[in-house]
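Hi everyone, thanks for coming. Let me put the structure up on the screen, and then I'll walk you through it piece by piece.

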2 protein chains.
Amino acid sequence: MRAASARNLHGHVTQELGVRIVSGALRPGESLPREEVLAEQMAVSRTALREAMRVLSAKGLIEARPKVGTRVREERYWQQLDADVLAWRCASMPTADFVQKLVEMREIFEPAAAALAARRSNAEQFERIEAAYQAMEASRNTDEWAEADLEFHEAVLIATNNELMISLFSVVETALASYFVLSARKSSDFKYSLPYHRKVYEAIRKRQPDVARRAMLQMILDSRAHITGKRRSGKQA
Amino acid sequence: MRAASARNLHGHVTQELGVRIVSGALRPGESLPREEVLAEQMAVSRTALREAMRVLSAKGLIEARPKVGTRVREERYWQQLDADVLAWRCASMPTADFVQKLVEMREIFEPAAAALAARRSNAEQFERIEAAYQAMEASRNTDEWAEADLEFHEAVLIATNNELMISLFSVVETALASYFVLSARKSSDFKYSLPYHRKVYEAIRKRQPDVARRAMLQMILDSRAHITGKRRSGKQA
DNA sequence: CGCATGCATATAATCATACAATATGCTCAG
DNA sequence: CTGAGCATATTGTATGATTATATGCATGCG
């Protein structure tokens, strides 16, 4: 997973506390021990702890004030779309209904993105979509397919020329990828969704927004139907 | 604006550097002075500077490594949906086309949210929508209207039961609000969009997702048509 | 008795300094 | 020419001291 935190010490501390909060082990309103104590408990210096706290504070998970201490903030203040926060949820939630929420986001944005791409992608952006599609056609195994598939969706998103949408996509997609290999299926028919992709690709080429939207939606709905229940094993690092 | 940064010293530093990066004064790939120097330049201790750097790093704006220094990362790594990043853009961008992108996001997810709300809002959530609608009906001036209006949209989003969507809404809405008073119009007919809201409200009550979606879309499109060009004055703090 | 005002105190915020870890690139032997 | 290892610059971590800021209590005034 590691969206950002790993190598450094304060990274570990951030993650440790982040997971504790997001998982509910530390509940909103609850106060953390004071810096000195907490630093000792986690066997790090106050410096490292404070840098971690600062990050968590920026993500809206905690709030620190002199005299009163540091408390966990209510969920509505959390930056739910932050890559780390999302990753921590993936590492701690009961999964099922959270995946549903991620898929829901995807169902809303990807079709809209396809429509936008059809409306105003430029030559360079279209070529990237085309290349990705051709790579999918040419793929010889599930790995090649998966790579080209991801590239196709990313290329479509980029063609929207809206970096907010691109960011949302990458965040949601990354989170989903931690649960299962997207578009996965038995290796025998890993190209089953190629026709859907072709429809989307053609619609973008012909600049038919509505067609592109519908094709993308169909693709996702079909994909969801086949993915449901096929989650990956582990996850808890 | 101030999404998070203000009171504290490192908050100021974070904001200062954040704006410099987002505005393009510091470009991707460019290296920042070493900590000691930069700290002196900004007249703060290394501690304060580092806490700010840590936050910017968490937002994907910079990357620090021993020996090589700290560099500005490429835009594709930025957490574009972070409240602060968005705020910094609002404070520095050429505006016009960025607003367009924000509105675009809104046009995509608000109708979808209305549909979801119609499908599965619970009693308590519906009552909040109802109360907001009634407050809009009862409003006597633009201020009361604006408050109830915002509450209406927020209530609809909350009724989706998808906190990712709620978070997205609050982020986008906050950013947009920095440009103009949403749904603003001459005070004489500030209730012009009430019929649209009624349609949405009724559709949710009757659990008609498609009707709710279309009504919300109409509302936004109409609103956009009237808002275009009517931006607020200043902005550049 | 109630209310405002100021003071003591606990906690985070900031600072200064020292030392450790880590990449980078250069040197030098093979 | 190549690769191993060392020097070095920069961030990373640690520690201790000092300052700023809320909170709540005590105190005095109305």
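Let's start at the DNA. By class, the surface near DNA strand D has six nonpolar, six polar and 10 charged residues. A residue is near a strand here if one of its heavy atoms lies within 4 Å of it. As for the classes, Ala, Val, Leu, Ile, Met, Phe, Trp, Tyr, Cys and Pro count as nonpolar, Asp, Glu, Lys and Arg as charged, and the others, Gly among them, as polar.

A word on the ground rules. This is a predicted model, where local features need pLDDT of at least 70 and side-chain atom pairs count only at pLDDT 80 or more, while totals for chains, interfaces and linings use all residues. Residues are numbered from 1 along each chain as its sequence is written, chains are lettered from A and ligands numbered from 1 in the order in which they are written, and side-chain values use heavy atoms, with hydrogens and water left out.

Back to strand D. Which residues are the closest to DNA strand D? They are A:Leu9, A:His10, A:Ser45, A:Thr47 and B:Arg50, out of 22 residues that surround the strand. Of the strand D atoms within 4 Å of the protein, 65% belong to sugar or phosphate, and the rest to bases.

Now some individual polar contacts, meaning pairs of N or O atoms within 3.5 Å; within protein, one must be able to donate a hydrogen and the other to accept it, and residues adjacent in sequence count only if both atoms are side-chain atoms. The side chain of B:Arg50 has an N or O atom 2.8 Å from a phosphate oxygen of strand D. With B:Arg46, a side-chain N or O atom is 3.0 Å from a base nitrogen of DNA strand D. B:Glu35 uses a backbone N or O atom, 3.1 Å from a phosphate oxygen of strand D.

On to DNA strand C. Of the 22 residues around it, A:Arg46, A:Arg50, B:Leu9, B:His10 and B:Ser45 come nearest. Sugar and phosphate make up 68% of the strand C atoms that come within 4 Å of the protein. A side-chain N or O atom of A:Arg50 is 2.9 Å from a phosphate oxygen of strand C. For A:Lys67, a backbone N or O atom lies 3.3 Å from a base oxygen of that strand.

Next, the two protein chains together. How many residues does the contact take from each chain? The count is 33 from chain B and 33 from chain A, with contact meaning heavy atoms within 4.5 Å. The two chains bury about 3,200 Å² between them, 59% of it on carbon and sulfur atoms; that is the accessible area (1.4 Å probe) lost on being put together, summed over both.

Across this interface there are 10 salt bridges, each a side-chain nitrogen of Lys or Arg within 4 Å of a carboxyl oxygen of Asp or Glu. One of them joins B:Glu51 and A:Arg50, at 3.0 Å, N to O. So A:Arg50 turns up again, having already appeared at a strand C phosphate oxygen. Over all chains, the count of salt bridges comes to 40.

That's my tour, so thanks for listening!
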